Structures are given as C-alpha cells and as structure tokens.
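The following exercises concern side-chain contacts and burial in a predicted model. Each task is followed by a solution in steps.

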Amino acid sequence: MATTDASEERLALYVDHENVAIGARDIGYRFDPKPLLEALAERGRLITRRAYADWNLFRDDRRGMVDANVELIEIPQRSDSVRKNAADIQMAVDAMELALTRDFVSTFVIVSGDSDFTPLVSKLRELNKRVIGVGLKGSTSAMLPPACDEFIFYDRLEGIPRRESKG
C-alpha cells in the first residue's frame, strides 16, 4: 500500500465549462485544462476532476478534457425549455456531496466566474474546506474572488492557447 503525506492537500476540481469556455472565447483564448492542471499540481494532488456542460454544444473541447482525465458530466439542454442553471445546480450538489462524504478532500477548486457559486464557496469554507476559485479576469463576478481562499485568473496562467481564428 502506498503511503501519502498526511499534510498533502487533496483537491477536487469542478469546472463550469460553459462559463469558462465562452468567457475564454470572448477574449480570444480557448479553454484548455492543461495550464490550469499544471498550476494546481503545485498545490496538491487532484483526486476528482469533473466538468459540466451540454457536451454536444462543446464537441471541440471534449478531446482536451478527456486527455486531461477530466470526467465529462453531461447536462443536456432541451430545446423547448431554458435550463440556464442546470449545470450550476448539479455541480454544487456534487461538490457538497463530496465535501460531506469524503473528509480527506481538503481543497475544492471551483472553475467559474459566476457569482451563483458564492454560496457554495461559503458553505465549503464553513465545512473547513479550502476553496480555490478560477475564472477569467474580464468576466468573473466581483463577488467571487474575495469569497475564496485563493483565486486564479485563467487568462494570466502561462501556456493558455490562443483561439484559432476562422477565416
């Protein structure tokens, strides 16, 4: 059996893919998880990696996420209804379930600039979990960064890919 350092941070990554993919596209980048995963590797061991989206709408992003060992959680959009917060709600429920059932998870990484995640961040911190937020400088709600223990702006990471322009 492998031994682990008791002080090693164990991270759970939750990605609101639609939020960050569209935000990155709007400023000329493509969301690629690899630069983020490299930055997180310095902070501890990633034990859970999940990204939430209607993956039919983000087909081009699927391969990069799978190659980075991110579990794709399908949140299909129905054409006859608006499900704006379906991914947000599922992501929050999954994060809370993990926080309440897996004591060994010490840090939660919430990738979204959406202020809707501020109550989740607050609740995780009440449960004595460290929270790292990740978002884009121009599209992150002003409420989210101060709620987190640490906040990383994705567009300031080294190695993030520029979007190829179609023309």
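**Exercise 1. Identify the residues that join Arg-43 in a network of salt bridges.**

Solution. The network of salt bridges links Arg-43, Arg-130 and Glu-150. Over the structure as a whole, the count comes to nine salt bridges.

**Exercise 2. Determine which acidic residues meet the side chain of Arg-50 in salt bridges, and where these partners lie.**

Solution. Step one: the side chain of Glu-71 meets that of Arg-50 at 3.2 Å, N to O. This pair links distant parts of the chain, since Glu-71 belongs to strand 3 (residues 71-74) and Arg-50 to strand 2, 21 residues apart.

Step two: Asp-94 also forms a salt bridge with Arg-50, at 3.9 Å, N to O. Asp-94 is in helix 4 (residues 86-101) and Arg-50 in strand 2, so this pair ties together parts that are 44 residues apart in sequence.

Step three: classify the accessibility of each residue. Buried means under 20% relative accessible area. Asp-94 has 10% and is therefore buried. Arg-50, at 21%, counts as partly exposed, and Glu-71, at 40%, is likewise partly exposed.

**Exercise 3. Describe the salt bridge between Asp-67 and Arg-63 in relation to helix 3.**

Solution. The closest N and O atoms of Asp-67 and Arg-63 are 3.3 Å apart. Both residues lie in helix 3, four residues apart, about one turn of the helix. An α-helix has 3.6 residues a turn, so residues three or four places apart point the same way. Asp-67 is partly exposed at 43% relative accessibility, whereas Arg-63 is exposed at 54%.

**Exercise 4. Establish how the buried residues of helix 1 are arranged around its axis.**

Solution. The buried residues of helix 1 (residues 17-26) are His-17, Val-20, Ala-21, Gly-23 and Ala-24. They cover an arc of only 165° around the axis and therefore lie on the same side of helix 1. The elements that cover them include strand 1, strand 2 (45-53), helix 3 (59-67) and strand 4. Just after helix 1, Gly-28 takes a positive phi of about 90°.

**Exercise 5. Characterise the aromatic pair formed by Tyr-14 and Phe-108.**

Solution. Four aromatic pairs are found in the whole structure. In the pair of Tyr-14 and Phe-108, the ring centres are 6.2 Å apart and the planes are at 10°, a stacked arrangement. Tyr-14 in strand 1 (residues 10-16) and Phe-108 in strand 4 (residues 107-111) are 94 residues apart. Both Tyr-14 and Phe-108 are buried. Together with Tyr-52, they form one aromatic cluster.

Conventions: Residues numbered from 1 in each chain as written. Predicted model: local features only at pLDDT ≥ 70, side-chain atom pairs only at ≥ 80, totals over all residues. Heavy atoms only, no water. Phe/Tyr/Trp six-rings, centres within 6.5 Å; stacked < 30°, edge-to-face > 60°. Helix = DSSP H or I, 4+ residues; strand = E, 2+ residues; numbered from the N terminus. Buried < 20%, exposed > 50% of the residue type's maximum accessible area, 1.4 Å probe, protein only. Arc of directions from axis to C-beta. Contact = heavy atoms within 4.5 Å. Salt bridge = Lys/Arg side-chain N within 4 Å of Asp/Glu carboxyl O.
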